[in-house]
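Reader: I would like to learn how to read a model of this kind, one feature at a time. Where should we begin?

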Protein chains: 2
Amino acid sequence: MKSEGDRLLESLAALANPHRLRIIEALQTNGRTYVSQLAREIGISRPLLHLHLRKLEDAGLVTSRLELSDEGKALNFYEVLPFDIALTPTSVADAAQSLSPPSKTSEA
Amino acid sequence: MKSEGDRLLESLAALANPHRLRIIEALQTNGRTYVSQLAREIGISRPLLHLHLRKLEDAGLVTSRLELSDEGKALNFYEVLPFDIALTPTSVADAAQSLSPPSKTSEA
DNA sequence: ACCACCTGTCAGAAAAATCTTACAAGGTTA
DNA sequence: TAACCTTGTAAGATTTTTCTGACAGGTGGT
């Protein structure tokens with residue numbers, strides 16, 4: 001089971017990258033897109049985008065759904081999920097209390 | 001000059017680390033402390049804490065002030081600044097527009 | 001002088017994140 | 001068949017972040 005602190009940490013790590021901020025921007029502004037198209041829009045390689053998208057999806061900030069286009073091609077569409085994270089000294093301190101210990105034998 | 005996107009990115013990177021979340025927690029819960037004392041509380045080495053504190057301070061999330069104790073010793077006290085960052089798809093997309101380009105010859 | 005604190009910083013190791021290149025496979029169209 | 005689009009992934013290099021250990025200096029007390 002993942003604690004609130006661990007989930008906050010994962011979300012922060014997912015957002016703390018310029019490419020991933022731009023990915024959110026592109027999906028939020030232009031709406032849902034598939035991977036190759038998004039790679040062209042942002043201007044990065046597709047394998048690299050794939051890595052960033054996985055990080056965002058693992059953190060629960062975006063979702064993907066495989067769809068078939070009219071021509072029968074399988075396109076993987078991504079869209080932003082409606083997250084809402086408030087960062088204040090109090091909320092951070094509160095979440096930090098439930099962080100997993102740094103020991104080696106603790107992660108689930 | 002640092003854009004809103006760059007400042008958000010710096011804040012996110014500063015918070016995206018378990019040690020630094022714990023630092024915020026300790027300072028917020030127990031109030032202001034000096035470096036060596038904080039290192040003992042959290043259980044990390046002083047040079048390592050120094051590194052994390054610098055990152056938090058660069059991002060504008062904590063401040064430090066050198067003070068003289070009653071015994072005349074110079075103690076460097078840290079405290080949390082009252083930050084308030086809201087993370088939503090809209091706010092992130094908005095900030096991402098002002099991110100510095102990834103080119104090599106752009107940082108000021 | 002010595003010990004016990006405090007401060008900072010530097011060099012190098014270790015770990016994690018990032019990025020590129022190349023491969024493998026599917027479908028559609030000519 | 002070949003060309004063009006899509007998908008994923010794996011290996012290896014590069015870069016960044018994290019961490020340790022050692023050093024240097026300050027003050028106060030024994």
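Author: What follows takes the conventions, the fold, the symmetry, the core, two single residues and the DNA strands in turn.

Reader: Which conventions apply?

Author: This is a predicted model, in which local features need pLDDT of at least 70 and side-chain atom pairs count only at pLDDT 80 or more, while totals for chains, interfaces and linings use all residues. Residues are numbered from 1 along each chain as its sequence is written, chains are lettered from A and ligands numbered from 1 in the order in which they are written, and side-chain values use heavy atoms, with hydrogens and water left out.

Reader: How many helices and strands does chain A have?

Author: Helices (H or I, at least four residues) and strands (E, at least two) are DSSP runs, numbered from the N terminus. Chain A has five helices and four strands, and their order along the sequence is α-α-β-α-α-β-β-β-α. The C-alpha trace of chain A spans about 50 × 30 × 20 Å along its principal axes.

Reader: What share of the contacts in chain A with a separation of 6 or more comes from residues 24 or more positions apart?

Author: A contact means heavy atoms within 4.5 Å. In chain A that share is 51%.

Reader: How are chains A and B related?

Author: Two copies of a chain are related by a rotation about an axis and a shift along it. The superposition is by least squares on the C-alpha atoms of residues with pLDDT of at least 70 in both copies. Here a turn of 180° and a shift of 0.0 Å along the axis lay chain A on chain B with an RMSD of 0.0 Å. The two copies are therefore related as by a two-fold rotation axis. The same surface serves both copies, as 100% of the contact residues of chain A recur in chain B.

Reader: Which residue of chain A comes closest to the rotation axis?

Author: That is A:Ala86, with its C-alpha at 2.4 Å.

Reader: How much of chain A is buried, and which residues touch the most other members of the largest nonpolar core?

Author: In soluble globular proteins, nonpolar side chains tend to be buried together. Buried means under 20% relative accessible area, exposed over 50%, and partly exposed in between (1.4 Å probe, protein chains only). A nonpolar core is a set of buried Ala, Val, Leu, Ile, Met, Phe, Trp, Tyr and Cys residues joined through side-chain atoms within 4.5 Å. Of the 108 residues of chain A, 41% count as buried. The largest nonpolar core has 60 residues, of which A:Leu87 and B:Leu87 touch the most other members. Leaving aside neighbours within four places in sequence, the contacts of B:Leu87 include A:Leu12, A:Phe83 and A:Leu87, as well as B:Leu8 and B:Val92.

Reader: Is B:Ala26 buried or exposed?

Author: B:Ala26, in helix H2 (residues 18-30) of chain B, is buried, with a relative accessible area of 11%. Apart from neighbours within four places in sequence, B:Ala26 is in contact with B:Gly31, B:Leu38, B:Glu41 and B:Ile42.

Reader: And B:Ala74, buried or exposed?

Author: B:Ala74 is found in strand S3 of chain B and counts as exposed, at 53% relative accessibility. Not counting residues up to four places away in sequence, B:Ala74 touches B:Glu67 and B:Leu68.

Reader: Which residues come nearest to DNA strand C?

Author: A residue is near a strand if one of its heavy atoms lies within 4 Å of it. Of the 21 residues around DNA strand C, the nearest are A:Lys55, A:Glu71, B:Ser36, B:Arg46 and B:Asn76. Sugar and phosphate account for 68% of the atoms of DNA strand C that come within 4 Å of the protein.

Reader: Which atoms of DNA strand C do A:Lys55 and B:Arg46 approach?

Author: A polar contact here is a pair of N or O atoms within 3.5 Å; within protein, one must be able to donate a hydrogen and the other to accept it, and residues adjacent in sequence count only if both atoms are side-chain atoms. A polar side-chain atom of A:Lys55 lies 2.7 Å from a phosphate oxygen of DNA strand C. For B:Arg46, an N or O atom in the side chain is 2.8 Å from a base nitrogen of that strand.

Reader: Which element gives the most to the surface near DNA strand D?

Author: H4(B) does, with four residues. Among the polar contacts, a side-chain atom of A:Asn76 lies 2.6 Å from a phosphate oxygen of DNA strand D.
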